[in-house]
Amino acid sequence: MTQVGDAYLNAMLAEYAALAQTSGNRLESALIRYAETHMQHPVRLADLARDAGLSVAPDCRCYKHQTGRSPVSDVRQRKAEHAKNTLMQVPSLSLSTIAQRVGIKDTATLCRLLKQQTGMTVRNIRRLGDRA
C-alpha cells in the first residue's frame, strides 16, 4: 500500500474505534438510566431496549462486546448493589421489602443474587451495616 493508502486506512480505523467507543458509552449510559429508574421492576431486555431507543439483538451484542457483560447482568448487578446498600443502611428492614424495592420476586432469589454478585450472605451484609 502507498503512504496515502496507509494513512487513509489508519484514519478509517481510528474513526471506527471512536464511533464504537461512543456507541458503547451511549449503551452503558442508557442501561444505567434504565436500571435506576426501573429499580423496583423485574429486568426485561425488551423493555430496556425500548426505553433506551435501542434494538435488542445488535445493541446487546455491541454492549457485550464493549463491556464483556450482558445488559441484563449489569442491571442485576445494580439491583444487588442497591439491595446491599439498603441492607447496610437499614439492617432491620425485612428482606421481602428490599426484594420488592429492587424488583426481585422473592427473598430466596434476593439472597441468591446478593451471594452471586457480592460474594456475601445477607447476614454478613447486615453485620457490616451494624458496624458502620
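**Exercise 1. Is Thr86 buried or exposed, and what does Thr86 touch?**

Solution. Start with the number: Thr86 has a relative accessible area of 10%. The cut-off for buried is under 20%, so Thr86 counts as buried. Keep in mind that this is a predicted model. Next, place the residue: Thr86 sits in helix 4. Finally, look for partners. Skipping residues up to four places away in sequence, Thr86 touches Leu93, Ile98 and Arg101.

**Exercise 2. Work out what surrounds Asp74, and how accessible Asp74 is.**

Solution. Asp74 is in helix 4 as well. Its relative accessibility is 9%, so Asp74 counts as buried. Leave aside the neighbours within four places in sequence, and Asp74 is in contact with Leu31, Tyr63 and Arg69.

**Exercise 3. Count the helices and strands, then describe the chain as a whole.**

Solution. You should find seven helices and zero strands. Reading along the sequence gives the pattern α-α-α-α-α-α-α. Now for burial: of the 132 residues in the chain, 32% are buried. Last, check how far apart contacting residues are along the chain. Take the contacts between residues at least 6 apart in sequence, and 60% of them join residues at least 24 apart.

**Exercise 4. At what angle do helix 4 and helix 6 cross, and which residues make the contact?**

Solution. Here's the idea: two packed helices are described by the angle between their axes and the distance between the axes. The axes of helix 4 and helix 6 come within 9 Å, crossing at roughly 105°. Angles of 65 to 115 degrees count as roughly perpendicular, so that is the label for helix 4 and helix 6. On the helix 4 side, the contact is made by Arg76, Gln77, Lys79, Ala80, Glu81, Ala83, Lys84 and Leu87. Helix 6 brings Leu110, Leu113, Leu114, Gln117 and Thr118. Sort the contact by class and you get six nonpolar, three polar and four charged residues.

Now zoom in on Gln77, which lies in helix 4. Gln77 is partly exposed, at 24% relative accessible area. Gln77 and Thr118 are 41 residues apart along the chain, yet their C-alpha atoms are separated by 8.7 Å.

**Exercise 5. Which residues touch the most other members of the largest nonpolar core?**

Solution. The largest nonpolar core has 16 residues. Those touching the most other members are Ala83, Leu87, Ile98, Val102, Ile104, Leu110 and Leu114. Then ask who supplies the core: helix 4, helix 5, helix 6 and helix 7 each give two or more residues. Take Ile98 as a sample. Not counting residues up to four places away in sequence, Ile98 touches Ala83, Thr86, Leu87, Leu93 and Leu110. Apart from this core lies another one of seven residues, including Leu27, Tyr34, Ala35 and Leu48.

**Exercise 6. Find the buried residues of helix 7, and say why they line one face.**

Solution. Helix 7 covers residues 122-131, and its buried residues are Val122, Ile125 and Gly129. Look down the axis of helix 7: these buried residues fall within an arc of 65°, so they line one face of the helix. The general rule helps here. An α-helix has 3.6 residues a turn, so residues three or four places apart point the same way. Turn to the other side of helix 7, and you meet the exposed residues Arg123, Asp130 and Arg131. What covers the buried residues of helix 7? The cover includes helix 4 (71-89), helix 5 (95-101) and helix 6 (107-118).

How values were computed: Residues are numbered from 1 along each chain as its sequence is written. This is a predicted model: local features need pLDDT of at least 70, side-chain atom pairs count only at pLDDT 80 or more; totals for chains, interfaces and linings use all residues. Side-chain values use heavy atoms; hydrogens and water are left out. Buried means under 20% relative accessible area, exposed over 50%, partly exposed in between (1.4 Å probe, protein chains only). Helices (H or I, at least four residues) and strands (E, at least two) are DSSP runs, numbered from the N terminus. The arc is that of the directions from the helix axis to the C-beta atoms. Contact means heavy atoms within 4.5 Å. Axes are lines fitted to C-alpha atoms, for helices over the stretch in contact, and angles run from 0 to 180 degrees between N-to-C directions. Angles under 35 degrees count as roughly parallel, over 145 as roughly antiparallel, 65 to 115 as roughly perpendicular and the rest as oblique. Ala, Val, Leu, Ile, Met, Phe, Trp, Tyr, Cys and Pro count as nonpolar, Asp, Glu, Lys and Arg as charged, and the others, Gly among them, as polar. A nonpolar core is a set of buried Ala, Val, Leu, Ile, Met, Phe, Trp, Tyr and Cys residues joined through side-chain atoms within 4.5 Å.
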